[in-house]
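Trainee: Could we go through this structure together? I'd like to understand the reasons behind the words people use for it.
Mentor: Happily. Have a look, and then ask away.

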Amino acid sequence: MKPYIEWTKEELVAEKARLEQEFAEVKAKGLNLNISRGKPAAAQLDLTEGMLTVLSKNEDTFAEDGTDCRNYGVLTGIPEARKLIGDICEVSAENVIVYGNASLTIMFDTVARSFLKGVAGCTPWNKLDKVKFLCPVPGYDRHFGVTEYFGVEMINVPMTPEGPDMDMVEKLVAEDDAIKGIWCVPKYSNPQGYTYSDETVRRFANLKPAAKDFRIFWDNAYIIHHLYDDRQDHLLNIIEECEKAGNPDMVYEFVSTSKVSYPGAGIAALISSEANLKEAQEYMNFQIIGHDKLNQLRHVKFFQNLDGVMNQMKKHAEILRPKFEAILQVMDQELSGLDIASWTKPNGGYFISFDAMEGCAKKIVAKAKEAGLTMTGAGATYPYHNDPQDSNIRIAPSFPTPEELEIAGQVFVLSVKLVSVDKILESK
Ligand code: PMP
């Protein structure tokens, strides 16, 4: 296909008529498809069935050290759950606190605590005139939602396939002591599926922030979420790199088993230095007497160890891979060469990031909706829902079947082509 921009006006008008006809036919089917959120499909949830019965009797409810998991206590999580998360993150169990079922709660809570109590003896953020966060974009909408809720000023930092623009990050954090944090999804990022390079991770570990209470919010949500056996990204261990750089307290790492076991009932953890965990624990002391240890125990009994977890991830990948491939194939086939879009082809994670021509994303999402395809709202991948180029769209292929995804892909590419042809015609 030759780029649309090189087509004559007459050719484009004819193409538009053809696309409109096709679109009307698809619309008439009354589809109801949704590729808006990174929700595992039921077949993935079924993989964890054994966990529902792994504790079936009173005597099953004891942790390795004899703790009765039905009762109160053990604020930092049972030792075997801390070890399992530690093994996933390549850190020691002492660096881990296991919380409840959602890492997002821990992130929210960490920001809340910083506002209320401050970090490492520094002024609580709610007493400061201005608190700023760096936000690699496009990024995860719920991260931006947390900082928006607290009135934090969010500064966009462009993402590259190697991670955030580190020249900009280094410069900004060194200059401005109002910058207190940065949101990162370092592996199989949401939405691009990029993994930070070794150099990026080392530059993070060696940051020299003006603010003593600056923290990296390292959301490693997709740490083991590979799609392929033979094409796996590798991410350096930030906890280790920060220690080596003499900055052991600069990072909070977050993980969960939301997309390993159950998103509604997994286990989530904070991984950090001894000093940071102590501070988190002092706050937690007033919040809770202990999280759900039965669930922690269920996870350990079901998975046994890291091998058990990795085995489960392979089964997830077998379900997810054909879905990514189904939609990518439609995009490759229908959009390649037209020069109206670019998109990522991740080796893992839950998303594909799609960039349309400037000023087209909102119209494309609205067009797709007309034909029964729900997508993540355009702009959601930017702070304040404001994509300055109006070009980024997040695609989440995990929930529908591969067959549905092929249809979703057809609706999507039709919408992309229609909106792009209109845009190009305007300039002819
Ligand atoms: N972080 C990222 C980057 C995510 O994509 C998601 C889920 N979409 C979460 C966190 C949510 O994790 P949890 O279920 O542990 O709150």
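Mentor: Let's begin with helix H11 (residues 306–335) and helix H13 (residues 402–427), whose axes come within 8 Å and cross at roughly 30°. Please keep in mind throughout that this is a predicted model.

Trainee: Why are H11 and H13 called roughly parallel to each other?

Mentor: Angles under 35 degrees count as roughly parallel. H11 and H13 cross at roughly 30°, and therefore they are roughly parallel to each other. The crossing of H11 past H13 is right-handed.

Trainee: Which residues make the contact between H11 and H13?

Mentor: H11 brings Pro 322, Lys 323, Ala 326, Ile 327, Val 330, Met 331, Glu 334 and Leu 335. From H13 come Pro 402, Leu 405, Glu 406, Ala 408, Gly 409, Gln 410, Val 413 and Val 416. By class, the contact of H11 with H13 has 11 nonpolar, two polar and three charged residues.

Trainee: What makes Gly 409 a member of this contact, and how is glycine classed?

Mentor: Contact is judged on C-beta atoms placed from the backbone, with a limit of 7 Å. Gly 409 of H13 is listed in the contact, and glycine counts as polar.

Trainee: Next, helix H4 (residues 103–117) and helix H5 (residues 141–149). What makes H4 and H5 roughly parallel to each other?

Mentor: Their packing angle is about 25°, and their axes are 10 Å apart. Set that angle against the limit of 35 degrees, and H4 and H5 are therefore roughly parallel to each other. H4 and H5 also have a right-handed crossing. On the H4 side, Leu 104, Met 107, Phe 108 and Val 111 meet Arg 142, Val 146 and Thr 147 of H5. That contact of H4 with H5 divides into five nonpolar, one polar and one charged.

Trainee: And why is H3 described as oblique to H10?

Mentor: Helix H3 (residues 79–89) and helix H10 (residues 293–303) pack at an angle of about 60°, with 9 Å between their axes. Roughly parallel needs an angle under 35 degrees, and roughly perpendicular runs from 65 to 115. An angle of about 60° makes H3 oblique to H10. H3 passes H10 in a left-handed crossing. Glu 80, Ala 81 and Leu 84 of H3 are in contact with Gln 296, His 299, Val 300 and Phe 303 of H10.

Trainee: Stepping back, how is the chain divided into domains?

Mentor: Domain 1 takes in 4–44 + 310–427, and domain 2 is 64–304. The C-alpha centres of domain 1 and domain 2 are 31 Å apart.

Trainee: How do you know that domain 1 and domain 2 are in contact?

Mentor: The test is a C-beta separation within 7 Å. With that test, 25 residues of domain 1 are in contact with 28 residues of domain 2. On the domain 1 side, H11, strand E11 (352–356) and strand E13 (392–395) are the elements that each give two or more residues. The largest share, seven residues, comes from H11. By class, this side of domain 1 has 14 nonpolar, eight polar and three charged residues.

Trainee: Which residues come nearest to the ligand?

Mentor: Of the 13 residues around the ligand, Ala 102, Ser 103, Leu 104, Ser 256 and Ser 258 come nearest. The shell divides into seven nonpolar, five polar and one charged. Leu 104 is a residue we have already met, in the contact of H4 with H5.

Trainee: Last one: where are the cis peptide bonds?

Mentor: One joins Val 137 and Pro 138, with omega about -10°, and Pro 138 sits in the loop between strand E3 (132–137) and H5. Another joins Asn 190 and Pro 191, with omega about 15°, and Pro 191 is in the loop between strand E6 (179–184) and helix H7 (198–205).

Trainee: And what is the phi of Ala 120?

Mentor: Ala 120 has a positive phi of about 50°, although it is not a glycine. Ala 120 is found in the loop between H4 and E3.

Definitions and conventions. Residues are numbered from 1 along each chain as its sequence is written. This is a predicted model: local features need pLDDT of at least 70, side-chain atom pairs count only at pLDDT 80 or more; totals for chains, interfaces and linings use all residues. A residue is near a molecule or strand if its C-beta atom, placed from the backbone, lies within 6 Å of it. Axes are lines fitted to C-alpha atoms, for helices over the stretch in contact, and angles run from 0 to 180 degrees between N-to-C directions. Helices (H or I, at least four residues) and strands (E, at least two) are DSSP runs, numbered from the N terminus. Angles under 35 degrees count as roughly parallel, over 145 as roughly antiparallel, 65 to 115 as roughly perpendicular and the rest as oblique. A crossing is left-handed if the near helix is turned anticlockwise from the far one by less than a right angle, and right-handed if clockwise. Two residues are in contact if their C-beta atoms, placed from the backbone, lie within 7 Å. Domain bounds come from an automatic or database domain assignment.
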